[in-house]
Amino acid sequence: MSAKSPGVRPSSVLAGFLLLLVVVFVVAYGVGRQVGPVAPGLRPADGGGASPGMGGHDMGGMR
């Protein structure tokens with residue numbers, strides 16, 4: 001037995017999936033805008049000048 005109907009094309013399935021993906025992201029964005037920031041006023045202690053992942057630590061004499 002075939003798992004898909006004879007009238008369903010893979011391109012229409014892909015388009016439906018992409019539409020569903022866009023709808024999910026739009027709803028998530030809207031909910032995020034309504035809720036607002038998770039931690040208002042949260043800033044890095046050193047002003048955020050360090051590279052991400054470095055934690056603001058100097059590597060000393062490493063070359």
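In this predicted model, Gly 36 adopts a positive phi of about 90 degrees at the position just after helix H1. That helix covers residues 10-35, and the secondary structure of the protein chain amounts to one helix and zero strands. H1 comprises 26 residues and spans 38 Å from its first C-alpha to its last, which is close to the 38 Å expected at 1.5 Å a residue.

On the surface, Leu 14, Phe 17, Leu 18, Leu 21 and Phe 25 come together as a nonpolar patch, whose accessible area adds up to about 510 Å². Leu 18, one of these residues, lies in H1 and is partly exposed, because its relative accessible area of 44% falls between the limits of 20% for buried and 50% for exposed. An α-helix has 3.6 residues a turn, so residues three or four places apart point the same way.

For the protein chain as a whole, 0% of the 63 residues count as buried, and carbon and sulfur atoms supply 67% of the area of about 6100 Å² that the chain exposes.

The accessible areas are set out below.

| Item | Accessible area |
|---|---|
| Nonpolar patch of Leu 14, Phe 17, Leu 18, Leu 21 and Phe 25 | about 510 Å² together |
| Protein chain | about 6100 Å² |

Note on methods:
Residues numbered from 1 in each chain as written. Predicted model: local features only at pLDDT ≥ 70, side-chain atom pairs only at ≥ 80, totals over all residues. Heavy atoms only, no water. Patch = residues over 30% accessible without salt bridge, like charges linked within 9 Å, V, L, I, M, F, W, Y side chains within 5 Å. Areas by Shrake-Rupley, 256 points an atom, 1.4 Å probe, with all protein chains shown as cover. Salt bridge = Lys/Arg side-chain N within 4 Å of Asp/Glu carboxyl O. Helix = DSSP H or I, 4+ residues; strand = E, 2+ residues; numbered from the N terminus. Buried < 20%, exposed > 50% of the residue type's maximum accessible area, 1.4 Å probe, protein only. Expected span 1.5 Å × (residues − 1).
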